[in-house]
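Here are a few notes from going through the model. Have a look at it first, then compare with the points below.

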Amino acid sequence: MRRKLYNLPQLRRASERGTQLAELSLILPILLLLIAGVAEFGRYFYTYTTLAKATRAGARYLASRPYNNEETAKARNLVVCGTTDECESAAAIMGGLTTSKVEITANGISSSLPDTVTVRIVNYNYSSIFDLSRFIGGAAWTSKAVTPSTTMRYMVER
């Protein structure tokens, strides 16, 4: 009677069948969570910096113009749509940004010649694509208030 000899390398390959799939099933959720987190942080950072640049442009505009209702309305339009002309909601630099969400305050002794001008965006909510806090067992996080502001010295001669 002849004994059958088994090929050892072939047996090892057969016993490792499916290990790559098991490893992928362990790593894939972590990798997807990491990618989603990077994408979400990138969107939030983009939103904040865009709104901060808009407030900076509005404050710069007001700091070099006479401080009155007409110029503050133009500054609000500049913050919302990038131009001093009246803009439509479709032309806003960010979705959901309106002139009612732009707050302008002047600080100083005189209201017509202030020392500083502050442009702030209020009540603007950033909506996330992924609710990542649910994956780690936290409370729901669907929107976060974004409130950038810029203060500049008033540059008009007294």
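1. A word on pairing before we start: two strands count as paired if DSSP finds at least two bridges between them. With that in hand, take strand S2 and S5: valine 119 has threonine 150 in S5 as its bridge partner. Keep in mind throughout that this is a predicted model.

2. The S2–S5 pairing goes beyond that one pair. Strand S5 covers residues 149-153, and 5 bridges join it to S2, with the two strands running antiparallel.

3. S2 also pairs with strand S1 (residues 102-107), again in the antiparallel sense, and here there are 6 bridges. One pair to click on is alanine 106 with its bridge partner in S2, valine 117.

4. How many residues of S2 are buried? The count is 5 of 6 for this strand, residues 116-121, so I'd call S2 mostly covered, with buried meaning under 20% relative accessible area.

5. Now over to glutamate 40, which sits in helix H2, residues 19-63. Is glutamate 40 buried or exposed? Its relative accessibility is 6%, and because the cut-off for buried is under 20%, glutamate 40 counts as buried.

6. What does the side chain of glutamate 40 make a polar contact with? The partner is the side chain of tyrosine 126, at 2.4 Å. Setting aside neighbours within four places in sequence, glutamate 40 is in contact with Tyr126, Ser128, Ile129, Phe130 and Leu132.

7. Serine 128 from that list deserves a look of its own: 88 residues separate it from glutamate 40 in sequence, while their C-alpha atoms are 6.8 Å apart in space.

Methods:
Residues numbered from 1 in each chain as written. Predicted model: local features only at pLDDT ≥ 70, side-chain atom pairs only at ≥ 80, totals over all residues. Heavy atoms only, no water. Helix = DSSP H or I, 4+ residues; strand = E, 2+ residues; numbered from the N terminus. Buried < 20%, exposed > 50% of the residue type's maximum accessible area, 1.4 Å probe, protein only. Contact = heavy atoms within 4.5 Å. Polar contact = N/O pair within 3.5 Å; in protein donor to acceptor, adjacent residues only side chain to side chain.
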